[in-house]
Amino acid sequence: MKAIKYFLVVILPIVVYISFTNRGWLAHLPAIVFFGFVPLLEFFIKPNKENFTKEEEKIEKENKIYTYILYATLPIQLFFLGFFFIVIQEIGLTYYEIAGRIFGMGIMCGVIGINVGHELGHRNNRFDELIGEILLLTSLDTHFLPYHNGGHHLNVATPKDAATARKNEIIFTFWIRSHFTSYYQAWVVENNRLKNSGRSWLHHQNRMIIYTLCNILLISGIYFFFGIFVTVAFILAAIAGIILLETVNYIEHYGLLRKQNENGRYEKVKRNHSWNSDHQIGQVLMFNLSRHSDHHYNGSKHYQLLKTLPESPQMPTGYPGMMLLALFPPLWFLVMNKKIKEIS
């Protein structure tokens, strides 16, 4: 029964379906719901500070329903991607309606493609990782896995990490720095992995080579079957999903740094090196991603088990609201720099 709340993610495909099958303002319904209604509701719903007891944790850790929910997102994502290729070609669509449908697909890419792909990419079995890779491919963000697992989790809350936003860094420049630096670092991570095992970077087990070829094949296939307009629309939707990811990265680690000792080594990652949010709607829709401090403390812990603890710094609202706030740098700095000062 505790897993049922995560079925609320179906709200996303429902509102995206409405966007894909209607005209006018309804084409923008996903944006209205996720960045209008959800942030507003989270001001009125009490944050969830509860954790599983040790006995509950043992039970829920073995509960496969949590994983089956993640598996179910794959056919949903693939269906909507194919549906998008058709509906974006609908005759008579205005630029306003096209933009709404592209952003709706972009939210699917961000919430399901990248976020669920991220969760499954942390699993220690090849089947789950493969599903995660396919989901990330639908967002053209496959480099996320080698960089995230082999770079971000290692260097988080240090200047070495592409996805850790510096204090007073504007989000719009962060998007560019984080994405392209993480892409470069993903190649470095893979090259080092192969070098350490005595193999050349130009090897069939280099995931970045495989991922790059898969991205090229996907885009080429879309172009071959659907033409240039659909291809451009898909790339724009993928970019929207990636921007959502980078915005989440920005709010998760903004201004937090690990201490260095006299030898220049950083302290171990603790639960105070990521921002947390216990606001319930965003928490459920993002599969507990907002309990991010515990995720970095133990990256292999499944999403349903993540805890909130007193030492984890708290954001004033949920992810959707914080993402909107980040788009207004003066307000963001006013709010978050004050909170950094309070926890320092």
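## Exercises on a predicted model

Let's start with tyrosine 95, which is found in helix 5 (residues 95-121). Helices here are DSSP runs of H or I with at least four residues, strands are runs of E with at least two, and both are numbered from the N terminus. This is a predicted model: local features need pLDDT of at least 70, side-chain atom pairs count only at pLDDT 80 or more, and totals for chains, interfaces and linings use all residues. Residues are numbered from 1 along each chain as its sequence is written, and side-chain values use heavy atoms, with hydrogens and water left out.

**Exercise 1.** Work out whether tyrosine 95 is buried or exposed, and how far it lies from proline 159.

*Solution.* Step one: the cut-offs. Buried means under 20% relative accessible area, exposed means over 50%, and partly exposed is in between (1.4 Å probe, protein chains only). Step two: tyrosine 95 has 77% relative accessibility, so it counts as exposed. Step three: tyrosine 95 and proline 159 sit 64 residues apart in sequence, and their C-alpha atoms are 41 Å apart in space.

**Exercise 2.** Histidine 118 is also found in helix 5; find out which residues it touches.

*Solution.* First, accessibility: histidine 118 has a relative accessible area of 5%, so it is buried. Next, contact means heavy atoms within 4.5 Å. Leaving out residues up to four places away in sequence, histidine 118 touches Phe144, His148, Leu289 and His295.

**Exercise 3.** Check the span of helix 8 against the expected value, and say what covers its buried residues.

*Solution.* Start by counting: helix 8 has 26 residues. The expected span is 1.5 Å times one less than the number of residues, which gives 38 Å for helix 8; the model reaches 36 Å from first C-alpha to last, close to that value. Now look at burial: the buried residues of helix 8 include Trp175, Ser182, Gln185, Val189 and Leu194. Their cover includes helix 7 (144-155), helix 9 (207-226), helix 10 and helix 13 (319-326). Finally, look just past the end: helix 8 is followed by glycine 198, with a positive phi near 80°.

**Exercise 4.** Decide how helix 8 and helix 10 are arranged, and which residues meet.

*Solution.* Axes are lines fitted to C-alpha atoms, for helices over the stretch in contact, and angles run from 0 to 180 degrees between N-to-C directions. The axes of helix 8 (residues 171-196) and helix 10 (residues 228-253) come within 9 Å and cross at roughly 105°. Under 35 degrees counts as roughly parallel, over 145 as roughly antiparallel, 65 to 115 as roughly perpendicular, and the rest as oblique. The two helices are therefore roughly perpendicular to each other. On the helix 8 side, Ile171, Phe174, Trp175, Ser178 and His179 meet residues of helix 10 including Ile242 and Glu246. Among these, histidine 179 counts as buried at 16% relative accessibility.

**Exercise 5.** Two residues that are not glycines have a positive phi: leucine 140 and asparagine 168. Place each one and class its accessibility.

*Solution.* Leucine 140, with phi of about 55°, is found in the loop between helix 6 (126-137) and helix 7. Its relative accessible area is 17%, so leucine 140 is buried. Asparagine 168, with phi of about 70°, is in the loop between helix 7 and helix 8. At 44% relative accessible area, asparagine 168 is partly exposed.
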